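Me: I am new to this structure and would like to know what stands behind the labels. Please take them one at a time.

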Amino acid sequence: MLSELSGTTSTTGRIIVGTTNFPEKIPDSLKRPGRFDVMLELGKFNHSEIKELLENIYKPNNDDRKMLDNVKFLENKYTPACIIMKTCMESDLNKIILSLT
């Protein structure tokens, strides 16, 4: 990852977002200007934050949006990193919803 971030390609206008549940394990070489400049601790998501994240990732149709409106996610259990990891491993929104309820 370090070599990719330090490549010869211009970084103008490039935004890279990384997530982790273990920020203490991020090497100092990645925590400097031009690599990961800003670090935010988001904590565990509540219902509306999980719903908003899933809507932004999956762009649900009307039926899926109704389902998202009616489901009750487990609050304060999942970090954004956990949710994003789940979405990387599963493309079916229904299966993701089941895994978060």
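**Labels and their reasons**

Me: Why is Glu 75 called partly exposed?
Reply: Its relative accessible area is 37%. Buried means under 20%, exposed means over 50%, and partly exposed is what lies in between, using a 1.4 Å probe and protein chains only. Glu 75 falls in the middle range, so it is partly exposed.

Me: What sort of model is this, and how are its residues counted?
Reply: It is a predicted model, where local features need pLDDT of at least 70, side-chain atom pairs count only at pLDDT 80 or more, and totals for chains, interfaces and linings use all residues. Residues are numbered from 1 along each chain as its sequence is written, and side-chain values use heavy atoms, with hydrogens and water left out.

Me: What makes Glu 75 and Lys 72 a salt bridge?
Reply: Their side chains meet at 3.1 Å, N to O. The rule asks for a side-chain nitrogen of Lys or Arg within 4 Å of a carboxyl oxygen of Asp or Glu, so the pair qualifies. Lys 72 is exposed, because its relative accessible area of 56% is over the upper limit.

Me: Which residues are joined into one network by salt bridges?
Reply: Lys 51, Glu 55, Arg 65 and Asp 69, through salt bridges that share partners. One of the pairs is Lys 51 with Asp 69, at 2.7 Å from N to O. That pair links distant parts of the chain: Lys 51 is in helix α2, Asp 69 is in helix α3, and they are 18 residues apart. Asp 69 is partly exposed, with a relative accessible area of 44%. The whole structure holds 5 salt bridges.

Me: Why does Glu 55 count as buried?
Reply: Its relative accessible area is 19%, so it falls under the limit for buried. Glu 55 sits in helix α2. It touches Pro 60, Arg 65 and Leu 68, leaving out residues up to four places away in sequence. Touching, or contact, means heavy atoms within 4.5 Å.

Me: What makes Lys 31 and Asp 28 a salt bridge?
Reply: Their closest N and O atoms are 3.7 Å apart. That is inside the cut-off, so the label holds. Lys 31 is partly exposed at 34% relative accessibility, whereas Asp 28 is exposed at 64%.

Me: How do you know that Thr 79 is buried, given that it is found in a loop?
Reply: The label rests on area: Thr 79 has a relative accessible area of 16%, so it counts as buried. The loop runs between α3 (62-70) and α4 (80-89). Beyond four places in sequence, Thr 79 touches Asn 21, Gly 43 and Lys 44. Its C-alpha atom is 7.4 Å from that of Asn 21, 58 residues away along the chain.

Me: What makes the link between the side chains of Thr 79 and Asn 21 a polar contact?
Reply: The distance is 2.5 Å. A polar contact is a pair of N or O atoms within 3.5 Å; within protein, one must be able to donate a hydrogen and the other to accept it, and residues adjacent in sequence count only if both atoms are side-chain atoms. The pair is within the limit, so it has earned the name.

Me: Thr 87 is in helix α4; why is it called buried?
Reply: Its relative accessibility is 14%, so it is under the limit. Apart from neighbours within four places in sequence, Thr 87 is in contact with Leu 54, Ile 57, Tyr 58 and Ile 96.

Me: Cys 82 and Cys 88: buried, partly exposed or exposed?
Reply: Cys 82 is partly exposed at 22%, and Cys 88 is exposed at 65%.

Me: How many disulfides does the structure hold?
Reply: It holds 0 disulfides. The test is a pair of cysteine sulfur atoms within 2.5 Å.

Me: How many helices and strands does the chain have?
Reply: It has 5 helices and 0 strands. Helices (H or I, at least four residues) and strands (E, at least two) are DSSP runs, numbered from the N terminus. Buried residues make up 26% of the 101 residues in the chain.
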